[in-house]
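Please look at the sequence and the model together before reading on. How are strands and helices arranged in it?

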Amino acid sequence: MLMNTTIAEVSGDLLLDVRNGLTKEGQKELPSKYLYDEVGSKLFEVISGLPEYGATRADERILHTHADEIVEHAPGDIAVAELGSGSGRKTRWILEALSRRRHTSYFPIEISATALAMCRRELSDMEAISIVGFEREYLDGLLEVAARRRDGQRILVLFLGSTIGNFDHPAEIRFLREIRMILDPQDFLLLGTDLEKPIPQLIVAYDDPLGVTAAFNLNLLVRINRELGADFDLTQFRHVARFNLATRGVEMHLRSTCDQVVRVPKADLCVRFLRDETIWTESSHKYAPEEVVQIAKEAGFHCEAQWIDGEWPFAESLLIAQ
Ligand code: AVJ
């Protein structure tokens, strides 16, 4: 029952977002959050293990190497809320470090039921950690966690993996401010950001020779076919990764290889694609370390410490709500 309700809600948003995104003047677009259905979440796990995609491993290396040091900055009674837990594997190191101190509550917040289930399975062996998952949008889930705060408890929000990079600049600041408004002064945000690196290295990270990222991107059309009855022909679209110099981000697109019309019955829609026209499906901004300090400040956080991976430039920044 619950499952069905949830799926219906997700489809409702998908329907509106598909209608808006595909009828837009100029660049067509679809929100990247829809990449993560069951197949998409699993494909992202595979991407994380590809030699060309170093971000997830760098993120985990920092957390593994510096977990004790990170949690030393956050003494006392801590409740952990994670925005987009994914598989939960990276989070283990932080939770283990905290659980050596005391029993800790962990609240993963995920729109993907598949990711939430993977995360529960991955982390349920830790006895000093109680896991309560929320299948919600990030901010709705965080409000739930804040409502459960005990006296004297501080919240540590984890926003790892450089998911923040999927927002454009104004939306990024807006989102951090919204997190800040839900938190109290002295609460924490541990923010993972992928750093700038040579463009060819970035392109191959988002267009791997095995084609896993291409499948991850094209799966969005499979999802729309399934959930909205659309007739996207997958052989007529190609995965494209390009670097946008103005926004300093890698973009994923789906390029139509011919002039074609696609029907999306549940959205009451017929969409014309010109040859070589694209649907923009994701942006992944790459940061400079000082830039993270700056945007944190603009959103009402002080950057207390920053750890950077030497092998694959990636930063973990510990921010304190002011
Ligand atoms: C999980 C959102 C951080 O933007 O690098 C990986 C997703 N897209 N390959 C990213 C992704 C293509 C990833 N994030």
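What follows describes a sheet, the helices that lie on it and one further helix, as they appear in a predicted model.

**The sheet**

Seven strands make up an open sheet with mixed pairing, and their order across it is S4-S3-S2-S5-S6-S13-S12. Strand S4 (129-131) and strand S12 (301-308) are the edge strands, and because each has a single partner strand, one side of each is left without a neighbour in the sheet. From one strand to the next, the twist averages 20°. Within this sheet, strand S2 (residues 78-83) and strand S5 (residues 154-159) run parallel and are joined by five bridges, with valine 80 standing opposite leucine 156 in S5.

**Helices on the sheet**

The table lists two helices together with the strands that they meet and the angle to one of those strands.

| Helix | Strands | Angle |
|---|---|---|
| H3 (residues 55-72) | touches S6, S12 and S13 (314-321) | about 50° with S13 |
| H7 (residues 169-182) | lies across S2, S5, S6, S12 and S13 | about 115° to S12 |

**Helix H8**

Which residues of helix H8 (residues 199-206) are buried? They are Leu202, Ala205 and Tyr206. Seen down the axis of H8, these buried residues fall within an arc of 85°, so they line one face of the helix. A general rule helps here: an α-helix has 3.6 residues a turn, so residues three or four places apart point the same way. The buried residues of H8 pack against helix H9 (212-228) and also against four strands, namely S6 (188-194), S7 (237-244), S8 (249-256) and S11 (278-285).

Notes
Residues numbered from 1 in each chain as written. Predicted model: local features only at pLDDT ≥ 70, side-chain atom pairs only at ≥ 80, totals over all residues. Heavy atoms only, no water. Buried < 20%, exposed > 50% of the residue type's maximum accessible area, 1.4 Å probe, protein only. Helix = DSSP H or I, 4+ residues; strand = E, 2+ residues; numbered from the N terminus. Arc of directions from axis to C-beta. Contact = heavy atoms within 4.5 Å. Pairing = 2+ DSSP bridges. Axes fitted to C-alpha atoms, helices over the stretch in contact; angles between N-to-C directions.
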